[in-house]
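Trainee: I would like to practise reading pockets, sheets and aromatic pairs. Could we go through them one by one?

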Amino acid sequence: FGVWNIADGKRQWSVKRSGSSSISSVSSASGGIFVHGDSAGNVAVRSSADGAPASEFNLFERPVMAVEMSADRQRAVATDNQGSVTVFQPADGSTLFRLVGHTSIVKVTAFSADSTLLATGSNDRSVKIWDMSGGRMIADLRGHTEAVTAAAFSADGRLLATGGADDTIRIWRTSDWSLERELAGFSNGVASIAFSPDGTRLAAATDVGLIRFWEPASGQQVF
């Protein structure tokens, strides 16, 4: 994989895996570093400036399905293709928590902006919320009728949006984890989801290139 300069479209640098392993998941950069996993169960932390490795370690004996770093860079999470979820220290790979509760593959992870909460979404159709001070599950959100495929917290931490292969987006209040509203109108599933920094817009995309925007407060589709 590689990193490109968005100003001129030129590639800054690229990384190639040795041997038979391949890159399976890449997390967006946080504070000048980013984390990625590969098909051999390895996780690496690299500089976003030049791709230089800061640390690399083996977490699983199976492919990494999802990987994410918290905004404060104090923890990261990785999942494998059999439902294992491990929260670890990016500096050395030491395990902080092993999160047990999902019964199928976990492909979706999302930290809250203040790094205190982690949401995980699974093919078991559930979204689970974990307290990062001790690794305790504090909520088990149900409602999606197919696999959960996307999740994002709003910047102020008041809302969590989740998307699924059931073509719906569900918005949850983090104060009590009740359902705020459900948004429909997609086909081909929800592949990714994101709040605008000010929280006034919610964007979602499908694998076939359709992107839609809503006002989370009203549920009104903007375009």
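**Reading the features**

Mentor: Gladly, and let us start with a pocket. The second largest pocket is lined by Arg-158, Leu-159, Arg-173, Thr-174, Ser-175, Glu-180, Gly-199, Thr-200, Glu-215, Pro-216 and Ala-217. Keep in mind that this is a predicted model.

Trainee: What volume does the second largest pocket have?

Mentor: The general idea comes first: rolling a probe the size of a water molecule over the atoms shows where empty space is left. Here, the second largest pocket comes to a volume of about 160 Å³.

Trainee: How do the residues of its lining divide into nonpolar, polar and charged?

Mentor: Three of the lining residues are nonpolar, four are polar and four are charged.

Trainee: Now the sheet, please. What is the order of the strands in the open sheet of four?

Mentor: In general, strands of a sheet pair through backbone hydrogen bonds, either parallel or antiparallel. In this open sheet the order is E11-E12-E13-E14, and the pairing is antiparallel. Strand E11 (106-111) and strand E14 (136-141) each have a single partner strand, so these edge strands have one side left without a neighbour in the sheet. On average, neighbouring strands of this sheet are turned by 20° against each other, direction ignored.

Trainee: Over how many bridges do E13 and E14 pair?

Mentor: Strand E13 (residues 127-131) pairs with E14 over five bridges, in the antiparallel sense. To find the register, look at Ile-129, whose bridge partner in E14 is Ala-139.

Trainee: And the aromatic rings: how many pairs are there?

Mentor: A pair of aromatic rings is described by the distance of the centres and the angle of the planes. With centres within 6.5 Å as the cut-off, the count is three aromatic pairs. Take Trp-13 and Phe-34: their ring centres are 5.7 Å apart and their planes stand at 20°, so this pair is stacked. Trp-13 sits in strand E2 (residues 11-14) and Phe-34 in strand E4 (residues 33-38), so the pair links distant parts of the chain, 21 residues apart. Trp-13 and Phe-34 are both buried.

Trainee: Why is the pair of Phe-213 and Phe-223 tilted?

Mentor: The centres of these two rings, Phe-213 and Phe-223, are 4.6 Å apart and the planes are at 40°, so the pair counts as tilted. Phe-213 belongs to strand E21 (residues 211-215) and Phe-223 to the segment after strand E22 (220-221), so parts ten residues apart in sequence are tied together.

Trainee: Are Phe-213 and Phe-223 buried or exposed?

Mentor: Phe-213 is partly exposed, with a relative accessible area of 25%, whereas Phe-223 is exposed, at 54%.

Notes. Residues are numbered from 1 along each chain as its sequence is written. This is a predicted model: local features need pLDDT of at least 70, side-chain atom pairs count only at pLDDT 80 or more; totals for chains, interfaces and linings use all residues. Side-chain values use heavy atoms; hydrogens and water are left out. Two strands pair if DSSP finds at least two bridges between them. Helices (H or I, at least four residues) and strands (E, at least two) are DSSP runs, numbered from the N terminus. Axes are lines fitted to C-alpha atoms, for helices over the stretch in contact, and angles run from 0 to 180 degrees between N-to-C directions. On a 1 Å grid over the protein atoms alone, a cavity is a set of points where a 1.4 Å probe fits but cannot get out, and a pocket is an open set with protein on both sides within 12 Å along at least five of seven lines; lining residues have an atom within 4 Å of a point. Grid points are joined across faces, edges and corners, and a volume is the space filled by probe spheres set on the points. Ala, Val, Leu, Ile, Met, Phe, Trp, Tyr, Cys and Pro count as nonpolar, Asp, Glu, Lys and Arg as charged, and the others, Gly among them, as polar. Rings of Phe, Tyr and Trp (its six-membered ring) pair if their centres lie within 6.5 Å; planes under 30 degrees apart count as stacked, over 60 as edge-to-face and the rest as tilted. Buried means under 20% relative accessible area, exposed over 50%, partly exposed in between (1.4 Å probe, protein chains only).
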